[in-house]
Amino acid sequence: MLEQTVTIVANERDTDQYFRLVLHAPQIAPLIQPGQFAHVRILPLKDALLRRPFSIFQVGTDTFSILYKTVGKGTAVLSRMRAGEKLSVIAPLGHGFTVPENGGETPLLIAGGYGMAAMFLLAQRSPQKGIVFVGGRRRVDILCEKEFAAIGWEVRVATEDGSHGEKGLVTQPLLKEIGNRKSEIGNRKLFACGPTPMLKAIGKIAEDFNLPCELSMDEHMCCGVGTCLTCVTPVKAGDTWEYQRTCTEGPVFDSRAIVWAANK
Ligand SMILES: Cc1cc2nc3c(=O)[nH]c(=O)nc-3n(C[C@H](O)[C@H](O)[C@H](O)COP(=O)(O)OP(=O)(O)OC[C@H]3O[C@@H](n4cnc5c(N)ncnc54)[C@H](O)[C@@H]3O)c2cc1C
Ligand code: FES
């Protein structure tokens with residue numbers, strides 16, 4: 001993990017409210033594992049002290065990129081920044097996904113909205129290809145479909161308004177796939193990133209079908225490095241449960257460990 005001031009190489013709109021930010025970070029890029037995140041201080045922001053966490057989307061030789069949605073004041077200011085301007089980042093942070101092994105379980109990746117960002121590096125680094133299920137409210141929330149297909153993954157899309165792919169929630173095509181191939185269940189593993197209700201639903205599917213599953217939890221974060229405890233998630237500990245920090249023990253947890261009843 002390094003704290004550095006890095007230069008923006010590109011910051012372009014992808015679709016609608018989504019932007020792709022490429023940062024020149026030759027020392028950070030080689031350290032990054034799938035599912036890890038960067039904690040970004042948006043220097044022109046008035047209250048720049050508070051960093052914003054973003055999954056690391058893609059990695060180049062001396063760059064890494066972020067795929068972000070503009071939702072509030074930080075991301076609005078970020079979207080107006082241009083190549084050559086500086087950001088402060090701490091990265092790579094957190095405990096990421098387990099990369100599937102060649103000949104191992106077939107990975108089924110499930111992503112909602114900007115959750116796609118956390119999934120791409122996992123798909124790219126996995127020697128075992130599988131299926132990626134992408135969900136969103138509208139067509140514009142479906143990101144990177146072609147990029148996943150280009151690296152050999154089958155892509156299944158669901159939108160809530162039916163404007164692209166199957167109409168409904170992303171869990172529908174996932175359930176169809178699992179239901180249609182019950183005999184292969186022992187050879188599958190789920191990986192998911194997206195809004196908490198989606199993660200909860202995926203955790204339930206994993207439990208019902210007895211599938212291994214890793215979930216990247218989305219919690220509000222302040223320090224990002226394990227000291228403030230704003231990001232805690234309830235996790236099983238023997239017969240009871242304890243809070244673990246999403247920024248350090250997570251963001252990726254084994255779904256069987258999450259105690260949803262105690263989740264905020
Ligand atoms: C581990 C991790 C990885 C993330 N990866 C990405 C990513 O790859 N791309 C991306 O676009 N976003 C990602 N996020 C969410 C991102 O951090 C927030 O959207 C961002 O901090 C909002 O900053 P803001 O100043 O624009 O919004 P604010 O003005 O601070 O808040 C605006 C709205 O966004 C909500 N918000 C703030 N933080 C979060 C959060 N963590 N989760 C959900 N809603 C939030 C607030 O409740 C509020 O409604 C990630 C979050 C975590 C914890
Ligand atoms: S964000 Fe501070 S402990 Fe996790």
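Two residues are in contact if their C-beta atoms, placed from the backbone, lie within 7 Å. The model analysed here is predicted.

Helix H5 covers residues 196-208. Its buried residues are Met 198, Leu 199, Ala 201, Ile 202, Gly 203 and Ala 206. These buried positions pack against four elements: strand S8 (106-112), helix H4 (171-180), strand S12 (188-193) and strand S13 (213-216). The length of H5 was also checked. The expected span of a helix is 1.5 Å times one less than its number of residues. With 13 residues, H5 should therefore span 18 Å, and its end C-alpha atoms are indeed 18 Å apart, in agreement. After H5 comes Asn 210, which has a positive phi, near 55°.

The domain assignment divides the protein into domain 1 (2-93) and domain 2 (106-216). The C-alpha centres of the two domains lie 25 Å apart. Domain 1 gives 15 residues to the contact, and domain 2 gives twelve. On the domain 1 side, strand S5 (58-59) and strand S6 (63-69) each supply at least two residues. S6 provides the largest share of that side, four residues. By class, the domain 1 side holds eight nonpolar, four polar and three charged residues.

Ligand 1 is surrounded by 21 residues. The closest are Tyr 68, Gly 72, Gly 74, Thr 75 and Ala 117. Strand S4 (52-55), S6 and helix H1 (73-79) each contribute at least two residues to this shell. S6 thus appears both in the shell around ligand 1 and on the side of domain 1 that touches domain 2. The shell comprises eleven nonpolar, five polar and five charged residues.

Technical notes:
Residues numbered from 1 in each chain as written. Chains lettered and ligands numbered in written order. Predicted model: local features only at pLDDT ≥ 70, side-chain atom pairs only at ≥ 80, totals over all residues. Domains from an automatic or database assignment. Nonpolar A, V, L, I, M, F, W, Y, C, P; charged D, E, K, R; others polar. Near = placed C-beta within 6 Å. Buried ≥ 20, exposed ≤ 12 C-beta atoms within 10 Å, placed from the backbone.
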